[in-house]
Amino acid sequence: MLSPWSPRLTRRGWIFLAVGLAFGLDAILIDHRDLLFIAGLLVSVPLMGLFHVMLRPGQVRVGRIFRPSIVPAGDDTVVSLQLRNLSSRPLDGASWRDPAPPGMGLMGQSAPADQLLPALERYRAGPETGPDSVRLEYALTPRIRGVYAFGPLLLGRRDPFGLAVREHPVGQSHDLVVTPRVTPLATRGVSVTRSDGSVRDLLRSLNPTSDELIAREYRPGDPFRRVNWPATARHGEIMVRQEEQRSNPEARIILDTTLNSHGAAEPARRLDHAFELAIEVVASIGVYLLDAGLKVQLLETGPSQLVPGSGQNLGGLGGDAPLVCSAPGGDRELLEGLANLVPVAAATDVGVGPGFGGSLPTFAVIVGLSEADAALFASLRGRCEPAVVFLLDSVSAVARAVLRDAGWRCIDVRSSRDIPAAWASGLNGRVDARETSETDSD
């Protein structure tokens with residue numbers, strides 16, 4: 001089987017060859033030498049074209065830059081190619097194409113098909129701005145998250161009559177990181193019905209200007225406007241208010257990465273869509289918490305992909321170390337990690353490992369649970385405060401009931417449009433009516 005870069009005839013070349021063979025057969029049958037000469041000419045020209053394109057177009061150096069190199073799904077990136085002729089003879093008459101990796105789901109403008117490469121003169125020492133160099137650019141709009149390898153660039157060479165063609169790979173491959181979409185979440189107007197516990201602590205941490213207020217004894221020089229009169233009455237001495245900064249508040253996110261616990265009748269396409277939506281939910285919540293100043297732990301139910309290692313095969317609940325992100329730069333680390341996450345087989349050791357930390361605000365995003373997995377999540381309830389689980393359509397009614405009975409706050413998410421409302425509901429809050437009316441009026 002010929003490789004994609006082997007010399008081959010074009011449609012015109014095959015026509016020449018077929019007509020030449022037909023003429024040759026007729027010439028033999030009717031013993032016509034002039035027709036045999038024409039047949040030989042028609043056959044030899046495509047063969048000479050194949051020999052012509054077998055000659056390499058020279059040595060070419062290719063540099064590839066993505067602007068930006070990390071792009072959210074649905075956004076544009078520009079692919080910039082810098083080519084330089086390194087051979088001692090000019091390069092002209094060549095074509096180029098930069099094939100896009102499969103699975104990107106490109107929309108809008110994509111990698112162009114065969115394009116004529118501008119003529120490049122022979123190599124000259126100096127900067128890459130002379131007549132021996134050229135810059136090529138095109139735009140891409142990937143729709144599906146992932147890490148995609150672009151390259152090598154394919155340079156095509158045709159014979160003067162367009163009867164044969166051969167492509168030569170030049171340059172190295174370069175990765176484009178397509179991160180999941182991030183849905184903006186409300187930063188104002190979220191209230192809480194409970195006034196104590198970890199929910200209050202979480203909301204105060206989400207609002208950096210809402211520091212904890214404590215009372216201490218009065219010291220000379222303290223302004224009297226800071227006197228805490230209720231505390232003064234309780235203690236029998238003058239007490240003043242003092243703000244106490246909370247340090248390193250944390251939150252935990254659990255992502256369901258195991259799909260083998262789903263029923264066999266579940267359509268594969270539906271599961272793929274649910275998993276992609278789960279990734280978007282995790283990305284949106286994680287970026288929001290990081291922007292609010294929290295340290296975020298991200299745990300996978302399956303063997304670790306975010307923190308790879310020889311011992312990372314138990315799953316985040318079974319003892320694998322979580323991915324820990326904090327500002328600044330944590331959002332990029334989180335999104336890059338989620339970019340190439342794929343469903344995996346469930347961990348062999350089912351159970352909660354000793355590394356699963358103490359009580360933290362926990363947000364779980366579930367694609368589907370077996371009864372055993374649901375029971376495992378139910379056992380985690382005592383270490384999660386608050387305990388909020390975002391459930392996709394693929395989760396069974398039995399698993400939902402087990403989680404709800406265990407005390408998890410279950411929120412349904414059916415599409416990307418549901419994420420902001422699901423987040424507000426997960427915090428047992430609401431969007432301020434005045435803010436909503438203003439938005440609607442716009």
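**Strand pairing, a cis bond and a loop residue**

Trainee: In which sense do β3 and strand β11 (residues 174–179) pair?

Mentor: The model is predicted: local features need pLDDT of at least 70 and side-chain atom pairs count only at pLDDT 80 or more, while totals for chains, interfaces and linings use all residues. Residues are numbered from 1 along each chain as its sequence is written, and side-chain values use heavy atoms, without hydrogens and water. Strands are DSSP runs of E with at least two residues, helices runs of H or I with at least four, numbered from the N terminus, and two strands pair if DSSP finds at least two bridges between them. β3 and β11 are joined over three bridges, and the sense is parallel.

Trainee: Which strands stand at the edges of the open sheet β3-β11-β8?

Mentor: The pairing in this three-stranded sheet is mixed. Each edge strand has a single partner, so one side of it is left without a neighbour in the sheet; the two are β3 (70–72) and β8 (146–150).

Trainee: What angle does the direction of helix α6 make with that of β11?

Mentor: Helix α6 (residues 330–339) packs on the sheet and touches β3, β8 and β11, where contact means heavy atoms within 4.5 Å. Axes are lines fitted to C-alpha atoms, for helices over the stretch in contact, and angles between N-to-C directions run from 0 to 180 degrees. The angle is about 105 degrees.

Trainee: Is D31 buried or exposed?

Mentor: D31 is in the loop between α1 (11–30) and α2 (33–53), with phi near 55 degrees, positive although the residue is not glycine. Buried means under 20% relative accessible area, exposed over 50%, partly exposed in between (1.4 Å probe, protein chains only). At 65%, D31 is exposed.
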